[in-house]
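Let us walk through this structure from its enclosed empty spaces outwards, pausing at the backbone and at single residues along the way. The model and its sequence come first.

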Amino acid sequence: MILYLAVNNRLCQFLKTNLLVNELANNSVLITPQVFTWQTFLNQWQQQQHLAGKLDFVDFPSKVLSDFEAQLIWEELLAKKENISLLNSNETAKQLYQAWLYFNEYMSSDSLDEVFKTEEFELFLSLKQQYQQRLTELDCWDKILLIQQQLSWFEKLAPVAEEIKLVGFDDVSPYLKKWLALQQNKATKIEFLEQFELAEKPLPPKLFGAKSEQQEAQQAAAWAYDLAYQQGLKSIAIVAPDVAEVSENLIWALDELMWKNKQFPLPSHQQNWQDSPFYNVSLGQPLLNYPLIKQAFSSLKIMFSNQRSVEFEVFSNWLISPYNLGDLIQRQKLDFKLRRWQWTKISIDKVLAKMSKEDCKESFSAELSLSIVDSLEQISQQQKKLTAIVFIEQLLNLLSTLKWATGVGKRSLDSQEYQQQQAFIKALNLFKSYQFSKEKQSFLNWLALLERFVAEQIFQPKNVGESPIQIMGLLEAGGQQFDAIWIMGMSIESWPREAHPNPFLPMNLQREKGVPRADSARELHYAKTLSRRLAKSAKQVVWSYSTKANDGRELLLSPVVELLINETLDFNSTVEKYIEQPFSCLARQSLASAKPVEWVEDNKAPALEKGAK
């Protein structure tokens, strides 16, 4: 058996598709290829061996903690430390937990003898010991201790495959190296696959220096649209070091092109708008950022605002949300009325009392009023201290009373909204299964903890069908093949990435051991390796950067791209400049087609009646 390990899930899907196509072309019997990320493979292998009774679970703990649970323990230990003032204990706990993971995989206690111990490192070492004690008390492991146990199992059991082929790995972690060595010692063949060869000879790369970040996005969108809908290419990629930074301009430009050429509805401007089937943005976001989930938390906070008041903006956004009950126009009128009261903070009882006192013409709809009254009645009957299981049960009851996620106006939830709802339900079930679930806290304390948890759950709704234009990060694109690829954001400030060493581990030790993001030399090597991989991923390749930042600063092309382009050019040849395509945004078109402004001289006030003052 051949086992394929891919660096990420997107590459897994690409590999499976290509291997299945080859299998169908060469064999009459179809064998499903074994393609996984390493972490997915480890978990699946453990389950299989467990069911087969081959693993020794004598020393196995009662629970393996999630990252969120482990971070909470670090935060708890940090809070007990005296004489420490922190602006953000949550982020500090995350950094300490990351230091723990790096320390276990990349370092050892023996390597600390001659290391200068800073105050930060001393803090980490003291909390590290307390963290280990806490895990022992709870009879728990975290993910790094689980991997250590899995490696010890692999030492005793048979090899997992005859061959292991790794795809897309520009960097191999110490634990993965150790695992590969264990398999190799058992006569397993290990191979790192290079880039798949393109079916056609690649064209010379092109370079585009845009006048602004907006123009860069517009040109990338116009290029992708032309290839997909004029030339009929099926696989076009637009990639960037940070998709989140470029996605807004890209999506706006693509939506305008779809509207002008395909009459596809624009988002937020037409009621029949839906997610575009023409492109797909591979950008998972915190689940908390999705509008349906925001509405759930806003609804709960407002129903509990008698105990803890909320900002007026939270109330206003909740009131005029399309996911709320009642006529939207009526709710907008009420919002306008409430703004005239000029409250900075608000509670639901205060709003109801003020509306009743002033006998407002604008009010909640009958359906919304009833759901608010019923919710407040439920809250009045709650216990002061709840376990996580009871908290989740009461939370769902309240959301049901408020008719959350039952529809948008007169329509039911669409596919994207339904996926958001299901992801939230899944997150709730996971939350109540955690180590801290037996503790008792108030509803609002649980809600604050749940909000933090949901904010760390990365989610992206699935699109129906395949989109010809894919927008993704550089790491996701590495190892795949496309008909054409546009690599944007290649300024010296964005690529290579800046180094971000962990503040709780010695800097020189991080550099020596090759810890991720530890120093600029490592980032430069990584950028070169990944860029070379991307340069070979398509027949047509365009590199681009903005010559000016949004704040007006001049930007230069990344030296990594300059080096790479020079490597691919023949002797005495020069890089081909990408020719800018005409792009007129809808705002400029509307302005150009508008009637000319007429200036009217109006420098006289109306005449006053005799005797008027």
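In this predicted model, a convenient place to begin is the largest cavity, whose lining is made up of Q295, S299, W318, Y323, N324, L325, L402, K403 and W404. Sorted by class, that lining holds five nonpolar, three polar and one charged residues, and the space enclosed has a volume of about 70 Å³. Rolling a probe the size of a water molecule over the atoms is what shows where such empty space is left.

How many cavities of 30 Å³ or more does the count give? The count comes to two, and the second largest cavity has a volume of about 40 Å³. The residues that line this second largest cavity are K528, S531, R532, V560, L563, L564 and E567, which by class amount to three nonpolar, one polar and three charged residues. Two helices, α20 (520-535) and α21 (559-568), each supply at least two residues of this lining, and α21 gives the most to it, with four residues.

With the cavities located, the chain as a whole can be considered. The chain has 613 residues, of which 46% count as buried, and its secondary structure comes to 22 helices and 17 strands. Along its principal axes the C-alpha trace spans about 105 × 70 × 60 Å. If one takes the contacts between residues at least 6 apart in sequence, 77% of them join residues at least 24 apart.

The domain assignment divides the chain into domain 1 (2-54 + 157-193), domain 2 (63-145), domain 3 (206-284 + 465-590) and domain 4 (288-459). Taken over C-alpha atoms, the centres of domain 3 and domain 4 are separated by 38 Å.

The nonpolar cores give another view of the interior. The largest of them has 61 residues, and those with the most contacts inside this core are F315, F364 and F391. Helix α17 (residues 443-455) provides the largest share of this core, namely eight residues. Which residues does F315 contact, leaving aside its neighbours within four places in sequence? The partners of F315 are I302, L338, I346, I348, V351 and F364, and F364 is itself named among the residues with the most contacts inside the core. A second, separate core has 60 residues, including A93, M107, Y131 and L146.

One member of that second core, A93, also appears among the contacts of Q71, a residue found in helix α3 (residues 67-79). Is Q71 buried or exposed? Because its relative accessibility is 12%, and buried means under 20%, Q71 counts as buried. Not counting residues up to four places away in sequence, Q71 touches A93, K94, Y97 and E456. For a sense of scale, Q71 and V542 are 471 residues apart in sequence, and their C-alpha atoms are 42 Å apart in space.

L283 offers a case with a different setting, as this residue is found in the loop between β9 (279-281) and β10 (285-286). The relative accessible area of L283 is 22%, and L283 is therefore partly exposed, given that this class lies between the limits of 20% and 50%. Beyond residues up to four places away in sequence, L283 touches V243, A244, S247 and Q460. The C-alpha atoms of L283 and Q214, which are 69 residues apart along the chain, are separated by 19 Å.

Finally, the backbone deserves attention. Most residues other than glycine have a negative phi, and most peptide bonds are trans. Against that background, A187 has a positive phi of about 75 degrees although it is not a glycine. A187 lies in the loop between α7 (174-185) and β6 (189-193), where its relative accessible area of 71% makes it exposed. R517, likewise a residue other than glycine, has a positive phi near 60 degrees. The place of R517 is in the loop between α19 and α20, and with a relative accessible area of 23% R517 is partly exposed.

Where is the cis peptide bond with omega near 5 degrees? This bond runs from W495 to P496, and P496 has its place in the loop between β15 (482-487) and α19 (507-513).

Technical notes. Residues numbered from 1 in each chain as written. Predicted model: local features only at pLDDT ≥ 70, side-chain atom pairs only at ≥ 80, totals over all residues. Heavy atoms only, no water. 1 Å grid on protein atoms, 1.4 Å probe; cavity = no way out; pocket = protein on both sides within 12 Å on 5 of 7 lines; lining within 4 Å. Points joined across faces, edges and corners; volume = space filled by probe spheres on them. Nonpolar A, V, L, I, M, F, W, Y, C, P; charged D, E, K, R; others polar. Domains from an automatic or database assignment. Core = buried A, V, L, I, M, F, W, Y, C linked by side-chain atoms within 4.5 Å. Buried < 20%, exposed > 50% of the residue type's maximum accessible area, 1.4 Å probe, protein only. Contact = heavy atoms within 4.5 Å.
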